[in-house]
Amino acid sequence: MDRSWMSIKNYLDPKYLDGVDEFIKFAFLGKDPNCKLPCPCKVCNNFEDQTKEVMANHLCRGIVYSYTRWIYHGEGFESDDENDDTEINDNDSDFDSMEELLNDVGVANFGESWRQSPELDTGAGTEKEGEASRFLRLLLEAEKSLYSGCKKYSKLSFIVHILHLKTMNRWTCKSTDMLLKFLHQVFPTALIPSSYYEAKNFIRELGLKCEKIHACENDCALFWNENKGLDHCPNEKCKAPRYKSPNSKIPRKVLRYFPLKPRLQRLFVNKEIARDMRWHKERRADNEHMMRHPADSLAWKDFDRNHKSFAEDPRNVRLGLASDGFNPFGTMSNSYSIWPVILVPYNLPPWKCLKDPFFSYQ
């Protein structure tokens, strides 16, 4: 069904009004004329239910542009529409984004020339291979083309696409295993994992893993450390259950945490970055009349005076924290929010500390 009318800003345009009529007919097809459905106008935003007549009047004042899949009005979530935004694109943007992701990880851990890192020359393929060498080899392995002559997919982008398809189409682990095993047999020379476990483990080894910590649904506490074995919130005024049902082990709310310590440790793996982590103390030009770095601020200097033992070692990491919440499904009626936390290592010089490769996302 044509949805181009939704982007028309002139709500008196005949094409827009015809589109509203078509939408109303589609939404109320086969339903009681007096029933109420979520109204996708700019005011109701699918949060308020309206009758057929009221919805038609509301839509004449504008519809939510992003509501392109009408899941609240009879259209299935999984659609075969040729204009479906979730369809995998055939262009090279996905491959380019994977290249950019790998380069960011490589730069953050091994410096600008990470592809020629000397770490590759030590402990190659041996049991004594260091963590830095092993991690670097994984990066280079992920960057390889899926097969000789393939310019569209790297090993990493292929695995990410497979895992994305598994999630979007609700494939079971068994069906994913069967597919990967079949592809591995058909294309034995391609860098295709032979199982779902192998694919997932490859992603984890690249540092793209998170820890899941159960949380109280009312945000009172985490079921962590001393609360790890509890089945109800430790807050006496709350006591909300941890799981969705007494016989279930499915939590009501989960906090996903990307481990910070390994990320910070890797900043000291490469000599170049390790030297830059001491820049604020050893190479920064101190000028009390000019502020070019957080280390020039009064707050930084006051902290150093109050915590002299911490300030003595320039390798101690100074982190800036930024966070904000948003609803990724703002056009839907379900309540869901994400609060990403970004940590910035202010030890680094200003031309590096505010670059994506050195951010830590939680």
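These legends describe close-up views of a predicted model.

**View 1. The largest nonpolar core.** This core holds 20 residues. W5, Y16, F23, I24, M55 and L59 touch the most other members. Two elements each give two or more residues to the core: helix 1 (14–27) and helix 2 (52–59). Helix 1 supplies the largest share, five residues.

**View 2. L59 and its contacts.** L59 is one of the core residues that touch the most other members. Leaving aside residues up to four places away in sequence, L59 touches Y16, V20, F23, I24, P40 and C41.

**View 3. A second core.** Separate from the contacts around L59 is another core, with 16 residues. Among them are L163, I192, A199 and I203.

**View 4. Helix 1 from end to end.** Helix 1 has 14 residues. At 1.5 Å a residue, they should span 20 Å. The C-alpha atoms at the two ends are 20 Å apart, so the model agrees with the expected span.

**View 5. The two sides of helix 1.** Six names make up the buried set: Y16, G19, V20, F23, I24 and A27. Seen down the helix axis, the buried residues fall within an arc of 135°, so they line one face of helix 1. An α-helix has 3.6 residues a turn, so residues three or four places apart point the same way. The face turned away from the buried side carries P14 and K25, which are exposed.

**View 6. What helix 1 packs against.** Which elements meet the buried residues of helix 1? They pack against strand 1 (37–38) and helix 2.

**View 7. The start of helix 1.** Here D13 reaches toward the backbone of K15. A side-chain oxygen of D13 comes to within 2.8 Å of the backbone nitrogen of K15.

**View 8. Cysteines without disulfides.** How many disulfides does a search of the whole structure find? The search finds zero. C220 is in no disulfide. Its nearest cysteine sulfur belongs to C238 and is 3.8 Å away. A disulfide needs two cysteine sulfur atoms within 2.5 Å, so this pair does not count. C238 is in no disulfide either. For C238, the nearest cysteine sulfur is that of C216, 3.7 Å away.

**View 9. Accessibility of C220 and C238.** Are these two cysteines buried or exposed? C220 has a relative accessible area of 38%, so C220 is partly exposed. C238 has 21% relative accessibility. Buried means under 20%, so C238 counts as partly exposed.

Note on methods
Residues are numbered from 1 along each chain as its sequence is written. This is a predicted model: local features need pLDDT of at least 70, side-chain atom pairs count only at pLDDT 80 or more; totals for chains, interfaces and linings use all residues. Side-chain values use heavy atoms; hydrogens and water are left out. A nonpolar core is a set of buried Ala, Val, Leu, Ile, Met, Phe, Trp, Tyr and Cys residues joined through side-chain atoms within 4.5 Å. Buried means under 20% relative accessible area, exposed over 50%, partly exposed in between (1.4 Å probe, protein chains only). Helices (H or I, at least four residues) and strands (E, at least two) are DSSP runs, numbered from the N terminus. Contact means heavy atoms within 4.5 Å. The expected span of a helix is 1.5 Å times one less than its number of residues. The arc is that of the directions from the helix axis to the C-beta atoms. A polar contact is a pair of N or O atoms within 3.5 Å; within protein, one must be able to donate a hydrogen and the other to accept it, and residues adjacent in sequence count only if both atoms are side-chain atoms.
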